[in-house]
Amino acid sequence: MSNMVVRLIWLVVLLGSFPALSVADENTESSPVVSEAQSQQKDLSRLEDSEQQSASVIQSFDSDRSAKSALVAIEDQTKRLVMFFMGVPLLIFLIATAALGVAMGVYGKPVFVAHMVCAGLSLTLALGHAVVGIVWFYPF
């Protein structure tokens, strides 16, 4: 029942907006006719204004006056060391996941839970490693 009430209200609002729209159309039609030369001149001035605004926006990005963040202030040697310390356990977890998968698939060992835990940790470290690498080293 409430769905029907909502539809009726929507219909009343929609029908009520038609007179307002028709009045707006009449106001635009009754405006004086502007000559073509004046119209082109207004368009040209709008275009020049938009080009000037675009140029000022580009210039604001060109000159970076912001302070360097702590992420950028870290030395490259420290960044590489952090990436190494994330990469070593990642490789260990990948090798362990592969070994547990082989043990489970080839030899029939019941190590599914350990395999999935190592796979989840591998994925977590891989995503973290990728994000840190992109944030720190992508802009070169």
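Helices are DSSP runs of at least four residues, numbered from the N terminus. With that in mind, a good place to start is the overall make-up of this predicted model. The chain holds five helices and zero strands, and from the N terminus on its elements read α-α-α-α-α. Of the 140 residues in the chain, 9% count as buried.

Attention now turns to helix H4, which covers residues 76-105. Leu81 has its place in this helix. With a relative accessibility of 43%, Leu81 counts as partly exposed, because that class lies between the buried limit of under 20% and the exposed limit of over 50%. Leu81 also belongs to a nonpolar patch on the surface, together with Phe84, Phe85, Val88 and Ile92. Taken together, these residues of the patch offer about 500 Å² of accessible area.

Ile95 is another residue of helix H4. Its relative accessible area is 61%, so Ile95 is classed as exposed. Along the chain, Ile95 and Ser122 are 27 residues apart, and in space their C-alpha atoms are separated by 9.5 Å.

The partner of H4 comes next. Two packed helices are described by the angle between their axes and the distance between the axes. Helix H4 packs with helix H5, which spans residues 112-137, at an angle of about 155°, and the two axes lie 8 Å apart. Angles over 145 degrees count as roughly antiparallel, and H4 is therefore roughly antiparallel to H5. As for handedness, H4 passes H5 in a left-handed crossing.

Methods
Residues numbered from 1 in each chain as written. Predicted model: local features only at pLDDT ≥ 70, side-chain atom pairs only at ≥ 80, totals over all residues. Heavy atoms only, no water. Patch = residues over 30% accessible without salt bridge, like charges linked within 9 Å, V, L, I, M, F, W, Y side chains within 5 Å. Areas by Shrake-Rupley, 256 points an atom, 1.4 Å probe, with all protein chains shown as cover. Salt bridge = Lys/Arg side-chain N within 4 Å of Asp/Glu carboxyl O. Helix = DSSP H or I, 4+ residues; strand = E, 2+ residues; numbered from the N terminus. Buried < 20%, exposed > 50% of the residue type's maximum accessible area, 1.4 Å probe, protein only. Axes fitted to C-alpha atoms, helices over the stretch in contact; angles between N-to-C directions. Parallel < 35°, antiparallel > 145°, perpendicular 65-115°, else oblique. Left-handed = near helix turned anticlockwise from the far one by under 90°.
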